[in-house]
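Hi,

Here is the structure I promised to pass on to you. Have a look at it first, and then read on for what turned up.

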Amino acid sequence: MIDSKVEGIVRRISNAENGNFLETITLCLADAIDADTVFIANLNDSRTVATTLAVSADGVLADNFSYELKNSPCEIVSNNDICVHCKEVQSIYP
């Protein structure tokens, strides 16, 4: 089962059009791990604000957004850590 998921991800990323690479990755990752929401973000120079580059929500692409890291559940990304939440994401963000 894992092999087929990986093959599907590789196939979809390989077929991604130039401008859709990050969007395809978020959609593939959401499918692979059955996540409601996946996003890829950049940090500003002072590492205080995250701005998304691609967002997948409920299996479709969503609008990008920015948010302050301080006091957010993903404040740890400013220390080069990965931020993952398993449930109730909307209720824990400011």
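The largest pocket is lined by 30 residues, and those nearest its centre are Thr37, Val38, Phe39, Cys83 and His85. Please keep in mind that this is a predicted model. The space in the largest pocket comes to about 1000 Å³. Sorted by character, its lining holds 21 nonpolar residues, four polar ones and five charged ones.

Which element gives the most to this lining? That is strand S1, with six residues. Helix H2 (21-33) and helix H3 (89-92) also take part, and each of them, like S1, supplies at least two residues of the lining.

S1 is worth following a little further. This strand covers residues 37-43 and pairs with strand S2, residues 49-57, in the antiparallel sense, over seven bridges. One position to look up is Ile40, whose bridge partner in S2 is Ala54. The hairpin of S1 and S2 has five residues between the strands, and Arg47 in this hairpin takes a positive phi near 60°.

Now for the chain as a whole. You will find three helices and four strands, arranged along the sequence in the pattern α-α-β-β-β-β-α. The chain has 94 residues, and 19% of them count as buried. It exposes about 6900 Å², with carbon and sulfur atoms supplying 52% of that area. Among the contacts with a separation of 6 or more, 23% come from residues 24 or more positions apart.

Happy browsing, and best wishes!

How values were computed
Residues are numbered from 1 along each chain as its sequence is written. This is a predicted model: local features need pLDDT of at least 70, side-chain atom pairs count only at pLDDT 80 or more; totals for chains, interfaces and linings use all residues. Side-chain values use heavy atoms; hydrogens and water are left out. Two strands pair if DSSP finds at least two bridges between them. On a 1 Å grid over the protein atoms alone, a cavity is a set of points where a 1.4 Å probe fits but cannot get out, and a pocket is an open set with protein on both sides within 12 Å along at least five of seven lines; lining residues have an atom within 4 Å of a point. Grid points are joined across faces, edges and corners, and a volume is the space filled by probe spheres set on the points. Ala, Val, Leu, Ile, Met, Phe, Trp, Tyr, Cys and Pro count as nonpolar, Asp, Glu, Lys and Arg as charged, and the others, Gly among them, as polar. Buried means under 20% relative accessible area, exposed over 50%, partly exposed in between (1.4 Å probe, protein chains only). Contact means heavy atoms within 4.5 Å. Accessible areas come from the Shrake-Rupley method with a 1.4 Å probe; for residues, only the protein chains shown count as cover.
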